[in-house]
Amino acid sequence: MNRAGVALIAGLLFGTGLAFSGMADPQRVQSFLDLFGNWDPTLAFVMGGAMIPMAIAWVIQRRLDKPFADAHFDLPGTSRIDGKLASGAVLFGMGWGISGLCPGPALADLALAPGKAVIVVLAMLGGMIAHRVATR
Amino acid sequence: MIPVFPHAMPVEGFVGGLMIGLAAAIMLLGLGRIAGVSGLAARATGLADTGAPRVVAAAFILGLPLGALIVSMFTGGVVTHFPDSPLPLIIGGLLVGFGTRLGSGCTSGHGVCGMSRLSRRSIVATAVFMGAGFATVAAMRAGGIL
């Protein structure tokens, strides 16, 4: 299968998982972050579930010379911890808390609540453009 | 159901999480890439110069709403609760977009893929953005805007 087909299947499965798990609902995600309110632990179960196939996948990855449908592995480094990483994570976490949305659910919600999701997605792209301009 | 947390969906959450993890595993073992949504979204829209080929990134990103649509059709609708005001969506979206680019990842790339790889970098990033999320919502609650 061609690479775009593999990516589409992965995206479909990812979007299915987001919607099925309740993570497409920003209120539920925000409730996970709301330790002093009506806390909802669902997100922790989602994270736990997602770790299992991926932990196995990393073990398999180490035994492969190249991926099944592409020429080589193209993976980021794992050790560099700097101010950009930390400050980016702080800003992302703040936005996540304020809206209850991270990029995956925001995009998935384009199908579920398009009027609201389009606002978040456009703002998100605006933030990405701002970063690109600022770091040019 | 968890008695103390009547709204929680532990079973759906876990099963949905397995699907997300399987999707990320397909990206890793099939295409040799991290299923990081922020990076792929930036790549698909031409806002990143390196990463997956644009057609690969665009196909993955397109799959996200299509997957959600499939669940919605088979389950009779997926419930979402958004704030009435667009303000938190705009401010939150801007911060998420800028922050994920600056920090090189979001809940999927650092959280799911990086932590399962035991990447020190991703574990730190995930701890920081989760901490910032907890603190932000606590501050909103203390300030009476939640």
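**Reading pockets, a cavity and a helix in a two-chain model**

Author: Let's open with the second largest pocket: α2 and α4 of chain A each give at least two residues to its lining, and so do α4 and α6 of chain B. Keep in mind that this is a predicted model.

Reader: Okay, how many residues line the second largest pocket, and which lie nearest its centre?

Author: The count is 22, and those nearest the centre are Pro26(A), Gln27(A), Gln30(A), Ser31(A) and Leu146(B). The largest share of the lining, 5 residues, is the work of α2(A). As for volume, this pocket comes to about 530 Å³.

Reader: I like to know the chemistry of a wall. How does the lining of the second largest pocket divide by class?

Author: You'll find 10 nonpolar, 7 polar and 5 charged residues there.

Reader: And what is the volume of the largest pocket?

Author: About 1,000 Å³. Its lining has 38 residues, and around its centre the nearest are Pro76(A), Gly39(B), Thr50(B), Arg101(B) and Ser104(B). Both chains take part here too: two or more residues come from each of α4 and α6 of chain A, and likewise from each of α2, α4, α5 and α6 of chain B. By class, this lining holds 12 nonpolar, 15 polar and 11 charged residues.

Reader: Let's turn to cavities. How is a cavity told from a pocket?

Author: The idea is whether the probe can leave: in a cavity a 1.4 Å probe fits but cannot get out, whereas a pocket is open. In this model there is 1 cavity of 30 Å³ or more. The volume of the largest cavity is about 190 Å³. It is lined by 17 residues, and closest to its centre are Leu18(A), Met47(A), Cys102(A), Ile20(B) and Thr107(B).

Reader: Which elements supply the lining of the largest cavity?

Author: At least two residues come from each of α1, α3 and α5 of chain A, and from α5 of chain B. α3(A) gives the largest share, 4 residues. The chemistry is 14 nonpolar and 3 polar residues, with no charged ones.

Reader: Let's step back to the chain. How many helices and strands are in chain A?

Author: Chain A has 6 helices and 0 strands, so the order from the N terminus on reads α-α-α-α-α-α. Its C-alpha atoms fill a box of roughly 45 × 40 × 30 Å along the principal axes. Of its 136 residues, 52% are buried.

Reader: What share of the contacts in chain A joins residues at least 24 apart?

Author: Counting contacts between residues at least 6 apart in sequence, it's 36%. While we're on totals, the accessible surface of chain A is about 5,800 Å², and carbon and sulfur atoms account for 65% of that.

Reader: Pick a helix for me. How do I check the length of α4 of chain A?

Author: Go by the rise, 1.5 Å a residue. The helix runs over residues 83-99, 17 residues in all, so a span of 24 Å is expected; the end C-alpha atoms sit 24 Å apart, which agrees. Just after α4(A) comes Gly100(A), with a positive phi near 75 degrees.

Reader: And how do I read its sides?

Author: An α-helix has 3.6 residues a turn, so residues three or four places apart point the same way. The buried residues of α4(A) include Leu85(A), Gly88(A), Ala89(A), Phe92(A), Gly93(A) and Trp96(A). Part of the cover comes from α2, α3 and α5 of chain A, and part from α4, α5 and α6 of chain B.

Reader: α6 of chain B keeps turning up. Is Met130(B) buried or exposed?

Author: Met130(B), a residue of helix α6 of chain B, has a relative accessible area of 15%; that is under the 20% cut-off, so Met130(B) is buried. Leaving out residues up to four places away in sequence, Met130(B) touches Phe32(A), Leu33(A), Leu43(A), Met47(A) and Trp96(A). For a distance within chain B, its C-alpha atom is 16 Å from that of Gly93(B), 37 residues away along the chain.

Reader: Which residues does Thr136(B) touch?

Author: Thr136(B) also belongs to helix α6 of chain B. With the same sequence neighbours left out, Thr136(B) touches Gly93(A), Met94(A), Gly97(A) and Ile98(A). Its relative accessibility is 13%, so Thr136(B) counts as buried.

Notes:
Residues are numbered from 1 along each chain as its sequence is written. Chains are lettered from A and ligands numbered from 1 in the order in which they are written. This is a predicted model: local features need pLDDT of at least 70, side-chain atom pairs count only at pLDDT 80 or more; totals for chains, interfaces and linings use all residues. Side-chain values use heavy atoms; hydrogens and water are left out. On a 1 Å grid over the protein atoms alone, a cavity is a set of points where a 1.4 Å probe fits but cannot get out, and a pocket is an open set with protein on both sides within 12 Å along at least five of seven lines; lining residues have an atom within 4 Å of a point. Grid points are joined across faces, edges and corners, and a volume is the space filled by probe spheres set on the points. Ala, Val, Leu, Ile, Met, Phe, Trp, Tyr, Cys and Pro count as nonpolar, Asp, Glu, Lys and Arg as charged, and the others, Gly among them, as polar. The expected span of a helix is 1.5 Å times one less than its number of residues. Buried means under 20% relative accessible area, exposed over 50%, partly exposed in between (1.4 Å probe, protein chains only). Contact means heavy atoms within 4.5 Å. Accessible areas come from the Shrake-Rupley method with a 1.4 Å probe; for residues, only the protein chains shown count as cover.
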